[in-house]
Amino acid sequence: MKTQRLLLATALSALALGAAPTLAATVVTMNTVQIFGTIDPAKISDYTDYMAAVNLYDGLVSVDSGGNIVPELAESWTVSDDAKEVTYKLRDDAKFSDGSPVEASDVVYSVERLLRINQGPANLFADVLAPGSVTAVDAKTVKFTLSKTFAPFLTTVPAIMILNEEVVKANEGSDDGQTWLATNVAGAGAYSLKSWDRGSQMTITRNADYYKGFGPGPIDEVRWIVTNDEATVKSLAASGELTMTSQFQSPETYKALVDMGRFTLVSEDTSTAFYLKFNTKVAPTDDVHIRRALALATDYATIREVIFPGGVLSTPLPKAFAAFHADDIPEPKYDLEAAKAEIAQSKYAGAPIPITLGYVAGAKFEEEISLLLQANLEQLGFVVTQQADPWNVITEKAAKVESSPAVNQIFFGPTYPSPDSMFFTQYHSKAAGTWASMEWIADPEIDALIDEARGTGDTARQAEIYKSLQHKLVDMQADAFLLTQTVQHAMDKCLTGFKPVPMQSFDYDFVRYSWTCS
């Protein structure tokens, strides 16, 4: 890497002159295609937010690449017989980045603040945790008392990142510390915030005294450069600055970097799904026949095999959740004649049909998908408007029915390792108004099924419910199911440690990475 080579050259020059050498810092530079919206643990929501947060903060527990819950600030936990009380024992050596100990009162404060602000991860705990339901048993023991049985609870806890109560309270102002935590960190993570320009970059540095320590070849600094321009990514790689690409580059860019000789292409199957989300409350996608026509006019094979690599997605739930997947639902098909027949049954038949196709501005592969869909829809009598918006604008538009486009391309993966994460956040009425729920379904029957699955500890019954949910959602065609993402990164051959984790961006916790070259 350019920075490491320059620092190493400086150290060698100093050694030749008889001076004490300066050890080279290991710096990883990665591009990301979206801005970092927030670093406040009570407000994080998308993959860049979580990418920063998992490095700056620690939770009671984390998730490994197998989807297992593993200790972090907590060394152990116990669950009551009725599954309504969960008690966590904190590590004796757990400490914040300022050196102060992590105590049960910090956990209580972090949860109470999350519930008060009621954004980001708070919707995971709606009707499950109430104010006062988390208590400090002693300085190193904290108890969660659930309002009701909530089967996925243990898998949602990694989303609760722990704040240093004393530091935040000293800076809480009049908004519960939201202004201060928008640009500052009060956590126990392996890294500290060095600099952040919201529209262009973020840099974090390693906390040498991190309570869990580091493995061999630790990464001293991580620099994220915000760009989705393929030419810029290639230029950064050619100059020696880039170490690792985002997971959203074009096949041509990946090939170009591999051909440089310094990079290897890392490719892994994931449980992240890629959808066309249909706004079921605006014209023309308020008509189920139009939604079905759009799904039938989608050329899935070309998208998966040519434009963006991925696996077959036949329902809202990726097949990685094998025990809960409705295998009897066939994979979606591309059939323009069948699409015409659906249009003929719609209330929009017999006239040109205006429609807006939304996608992330600058994402070349999304533009190609949208243009491919436009070419097919124009054969069917649609009048297409392409709407490319920056990600922050898309998230703002998603807050209201009327501003959410009729069609939008959205990636969504499990925010915790449970099927519930794929259903509640996208389809439950209580989760409406976010980029993940742009369908605006608001269906009491769907809500009831999701709630029932959340309230039973019977895995067999959960499987029945989730399979029924998939059938209902496929029948109402709230989405077109494009693919499951095969995540790809071009990575410097000296960098190791990437492994997909079925929880949003936990695979970019750089304490898991190593630099293997001397």
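**Exercise 1. Locate Asp-127 and describe its backbone and exposure.**

Asp-127 sits in the loop between helix H3 (104-117) and strand S6 (134-138). Helices (H or I, at least four residues) and strands (E, at least two) are DSSP runs, numbered from the N terminus. The model is predicted: local features need pLDDT of at least 70, side-chain atom pairs count only at pLDDT 80 or more, and totals for chains, interfaces and linings use all residues. Residues are numbered from 1 along each chain as its sequence is written, and side-chain values use heavy atoms, with hydrogens and water left out.

Next, the backbone. Phi of Asp-127 is positive, about 65 degrees, although the residue is not a glycine. Most residues other than glycine have a negative phi, and most peptide bonds are trans.

Last, exposure. Asp-127 has a relative accessible area of 42%. Buried means under 20%, exposed over 50%, partly exposed in between (1.4 Å probe, protein chains only). Asp-127 is therefore partly exposed.

**Exercise 2. Find where Gln-477 lies, and decide whether Gln-477 is buried or exposed.**

Gln-477 is in the loop between helix H16 (459-476) and strand S16 (479-492). Phi of Gln-477 is near 50 degrees, again a positive value in a residue other than glycine. The relative accessible area of Gln-477 is 12%, so Gln-477 is buried.

**Exercise 3. Describe the surroundings of Ala-478.**

Start with the position: Ala-478 is in the loop between H16 and S16. At 0% relative accessibility, Ala-478 is buried.

Now list the contacts (heavy atoms within 4.5 Å). Leaving out residues up to four places away in sequence, Ala-478 touches Leu-276, Lys-277, Phe-278, Thr-280, Arg-291, Glu-439, Ile-441 and Leu-473. Take Lys-277 from that list. Ala-478 and Lys-277 are 201 residues apart in sequence, yet 6.6 Å apart in space, C-alpha to C-alpha.

**Exercise 4. Identify the cis peptide bond and place its proline.**

The cis bond joins Ala-283 and Pro-284, with omega about 0 degrees. Pro-284 falls in the loop between strand S11 (263-278) and helix H9 (288-296).

**Exercise 5. Characterise the disulfide.**

The structure holds one disulfide, defined as a pair of cysteine sulfur atoms within 2.5 Å. Cys-494 is joined to Cys-517, S to S 1.9 Å. The angle about the S-S bond is -90 degrees, and the link is left-handed.

Which parts does the pair tie together? Cys-494 lies in the loop between S16 and strand S17 (495-496), and Cys-517 in the segment after strand S18 (514-515), so the parts tied together are 23 residues apart in sequence. Cys-494 is buried at 14% relative accessibility, whereas Cys-517 is partly exposed at 32%.

**Exercise 6. Work out how helix H15 (residues 444-455) packs on H16.**

Take the geometry. The axes come within 9 Å and cross at roughly 160 degrees. Axes are lines fitted to C-alpha atoms, for helices over the stretch in contact, and angles run from 0 to 180 degrees between N-to-C directions. Angles under 35 degrees count as roughly parallel, over 145 as roughly antiparallel, 65 to 115 as roughly perpendicular and the rest as oblique. H15 and H16 are therefore roughly antiparallel.

Then the residues. H15 contributes Glu-445, Ile-446, Leu-449, Ile-450, Glu-452 and Ala-453. Contributors from H16 include Arg-461, Ile-465, Tyr-466 and Met-476.
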